[in-house]
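Colleague: Got a minute to walk me through this model? I'd like to know what I'm looking at before I get lost in the side chains.

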Amino acid sequence: MDLKTASALRRLRLVSAPEAVSFLLLIVCSVLKRTTDFNAVPAMGMIHGVLFVIYVIFWLDAWNRTKWNVKTGALYFVLSVLPTGGFFAERMLRREAEAYVLAARARKEGVVNA
């Protein structure tokens with residue numbers, strides 16, 4: 001894996017958890033808006049919207065660089081629209097990046113001819 005591909009995966013991984021947290025907070029703010037006088041939906045909605053757009057941009061970049069198949073690319077997108085999906089995406093991306101690093105080390109040491 002080249003440096004740009006590793007960076008794309010890292011960016012996507014780093015934005016996935018905050019995007020999931022903002023989604024959960026937006027849901028909490030929506031419930032509070034309807035049950036109390038507290039209304040933080042406009043501010044939280046904007047924060048979540050910005051994080052979601054950043055996630056989608058980073059997702060497209062990672063998909064382009066890693067050459068994921070349609071199933072894998074769609075999975076990471078679907079995880080972005082589920083309330084806790086970003087946490088699962090972060091964990092999966094971390095494992096994928098670790099696998100790339102291990103494979104690169106094995107190739108460098110001549111253990112594998114891949």
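Modeller: Sure. One term before we start: "buried" here means under 20% relative accessible area. And keep in mind that this is a predicted model.

Colleague: OK, with that cut-off, which residues in α2 are buried?

Modeller: In α2 the buried ones are V41, M44, H48, L51, Y55, V56, W59, D61, A62 and T66.

Colleague: And what do the buried residues of α2 pack against?

Modeller: They pack against α1, α3 and α4.

Colleague: D61 is on that buried list. What accessibility does D61 have?

Modeller: D61 has 19% relative accessibility, so it counts as buried, given that the cut-off is under 20%.

Colleague: What does D61 touch?

Modeller: Leaving out residues up to four places away in sequence, D61 touches A8 and R11. R11 also has its charged end over the ring of F58, 5.5 Å from the ring centre.

Colleague: Before I go on, how confident is the predictor in the chain?

Modeller: The chain averages a pLDDT of 90, and 96% of the residues score at least 70. Among the elements, helix α2 (residues 41-66) has the highest mean, 95, while helix α4 (residues 85-108) has the lowest, 86.

Colleague: How does the length of α2 compare with what its residue count should span?

Modeller: The end C-alpha atoms of α2 are 36 Å apart, and its 26 residues should span 38 Å at 1.5 Å a residue, so the two agree.

Colleague: What comes just after α2?

Modeller: K67, with a positive phi of about 60°, although K67 is not a glycine. K67 is in the loop between α2 and α3.

Colleague: Is K67 buried or exposed?

Modeller: Exposed: K67 has a relative accessible area of 62%, and the cut-off for exposed is over 50%.

Colleague: Switching to the inside. Which residues touch the most other members of the largest nonpolar core?

Modeller: That core has 14 residues, and L12, Y55, W59, A62, W68, Y76 and L93 touch the most other members. The elements giving two or more residues to this core are α1 (3-35), α2, α3 (70-81) and α4. The largest share, 5 residues, comes from α2.

Colleague: Which residues does W68 touch?

Modeller: Not counting residues up to four places away in sequence, W68 touches L9, L12, W59, A62, W63, G73, Y76, L93 and E96. Apart from the largest core there is another one, of 5 residues, including L26, C29, A40 and M44.

Colleague: I see tryptophans coming up again. How many aromatic pairs does the structure hold?

Modeller: It holds 4 aromatic pairs. In one of them, the rings of W59 and W63 have centres 5.1 Å apart and planes at 45°, so that pair is tilted.

Colleague: Where do W59 and W63 lie?

Modeller: Both are in helix α2, 4 residues apart, about one turn of the helix. W59 is buried, with a relative accessible area of 9%, whereas W63, at 25%, counts as partly exposed.

Colleague: Which residues form an aromatic cluster with those two?

Modeller: F52 and F77 join W59 and W63 in one aromatic cluster.

Colleague: On to α4, then. How far does α4 reach, end to end?

Modeller: From its first C-alpha to its last, α4 reaches 35 Å, close to the 34 Å expected for its 24 residues.

Colleague: Which residues of α4 are buried?

Modeller: G85, G86, A89, E90, L93, E96 and A106 are buried in α4. The buried residues of α4 pack against α1, α2 and α3.

Colleague: I don't see F87 in that list. What is the accessibility of F87?

Modeller: F87, which is in helix α4, has a relative accessible area of 31%, so it counts as partly exposed.

Colleague: And which residues does F87 touch?

Modeller: A17, A20, V21 and L24, not counting residues up to four places away in sequence. As for V70, 17 residues away from F87 along the chain, the C-alpha atoms of the two are separated by 21 Å.

Colleague: Last one: what follows α4?

Modeller: G110 follows α4, and the phi of G110 is positive, near 80°.

Methods
Residues are numbered from 1 along each chain as its sequence is written. Side-chain values use heavy atoms; hydrogens and water are left out. pLDDT is the predictor's confidence in each residue, from 0 to 100. A nonpolar core is a set of buried Ala, Val, Leu, Ile, Met, Phe, Trp, Tyr and Cys residues joined through side-chain atoms within 4.5 Å. Buried means under 20% relative accessible area, exposed over 50%, partly exposed in between (1.4 Å probe, protein chains only). Contact means heavy atoms within 4.5 Å. The expected span of a helix is 1.5 Å times one less than its number of residues. Rings of Phe, Tyr and Trp (its six-membered ring) pair if their centres lie within 6.5 Å; planes under 30 degrees apart count as stacked, over 60 as edge-to-face and the rest as tilted. A charge sits over a ring if NZ of Lys or CZ of Arg is within 6 Å of the ring centre and within 35 degrees of the ring normal.
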